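This report describes one protein chain. It starts with a single side-chain contact and then moves on to the helices, the loops and the chain as a whole.

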Amino acid sequence: MSQFMSPMPSREFLWDIFQRVDKDRSGYISADELQIALSNGTWTPFNPETVRLMIGMFDKESRGTVSFEDFGALWKYVTDWQNCFRSFDNDNSGNIDKNELNQALTTFGYRLSPNTVDTLLRKFDRFGRGTILFDDFIQCCIILYTLTSAFRQHDTDQDGVIQIHYEQFLNMVFSLKI
């Protein structure tokens, strides 16, 4: 995703945004506050599961919230994903269809069969329209990256094949922050 990275905004800009998002003036942004602040471009609430994943990624204190110190990285992360999403939304529809999703995943280095891309589309298409919205695209990419990283820890010869026992599989999956 490095080709979609934006520069870090100024501290003053981030502080202004942080204060607007921190509705209860706690000095931290909760998942509920972040969900209200984010837009997926459809006038529907941002996917709460995606918000939870992002809070978990940037919550250095394990409080279920994001401090101002961590907010800049979160803001940049969302902005970078927005740039990435727009670059693959070839028809500017505000969503990603199967071909656009396949193009994005191929660009990210994944070599997935059409059946697997279909499975991902069905899994992250919350409204059953055959497309993925911005917030669901982020969730899809986070989960795919997390699962791939866990798989690679066991794929020591990098051949795309692992052999693990059932309980190893369960421990691997349940230990992931997804």
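The side chains of Asp 118 and Lys 98 are joined by a polar contact of 2.8 Å. A polar contact is a pair of N or O atoms within 3.5 Å; within protein, one must be able to donate a hydrogen and the other to accept it, and residues adjacent in sequence count only if both atoms are side-chain atoms. Asp 118 is placed in helix 6 (residues 114-124). Asp 118 counts as partly exposed because its relative accessibility is 24%; buried means under 20% relative accessible area, exposed means over 50%, and partly exposed is in between (1.4 Å probe, protein chains only). From C-alpha to C-alpha, Asp 118 and Thr 65 are 34 Å apart in space and 53 residues apart in sequence.

This is a predicted model, in which local features need pLDDT of at least 70 and side-chain atom pairs count only at pLDDT 80 or more, while totals for chains, interfaces and linings use all residues. Residues are numbered from 1 along each chain as its sequence is written, and side-chain values use heavy atoms, with hydrogens and water left out.

The chain contains eight helices and two strands. Helices (H or I, at least four residues) and strands (E, at least two) are DSSP runs, numbered from the N terminus. In order from the N terminus, the elements run α-β-α-α-β-α-α-α-α-α.

Helix 4 (residues 68-88) and helix 7 (residues 134-154) have axes that come within 10 Å and cross at roughly 105°. That makes helix 4 roughly perpendicular to helix 7. Axes are lines fitted to C-alpha atoms, for helices over the stretch in contact, and angles run from 0 to 180 degrees between N-to-C directions. Angles under 35 degrees count as roughly parallel, over 145 as roughly antiparallel, 65 to 115 as roughly perpendicular and the rest as oblique.

On the helix 4 side, Tyr 77, Val 78, Trp 81, Gln 82, Cys 84 and Phe 85 meet Phe 134, Phe 137, Ile 138, Cys 141 and Ile 142 of helix 7. Contact means heavy atoms within 4.5 Å. By class, this contact of helix 4 with helix 7 has 10 nonpolar residues, one polar residue and no charged residues. Ala, Val, Leu, Ile, Met, Phe, Trp, Tyr, Cys and Pro count as nonpolar, Asp, Glu, Lys and Arg as charged, and the others, Gly among them, as polar.

Ile 55 lies in helix 3 and is buried, with a relative accessible area of 4%. Neighbours within four places in sequence aside, Ile 55 is in contact with Ile 29, Ser 30, Ala 31, Leu 34, Gly 64, Thr 65 and Val 66. The C-alpha atoms of Ile 55 and Gly 94 are separated by 24 Å.

Two loop residues other than glycine have a positive phi, as the table shows.

| Residue | Loop | Phi | Relative accessible area |
|---|---|---|---|
| Ser 62 | between helix 3 (48-58) and strand 2 (65-67) | near 55° | 67%, exposed |
| Asn 92 | between helix 4 and helix 5 (98-107) | near 55° | 66%, exposed |

Of the 178 residues of the chain, 40% count as buried. Along its principal axes, the C-alpha trace spans about 50 × 40 × 30 Å. Among contacts with a separation of 6 or more, 56% are between residues 24 or more positions apart.
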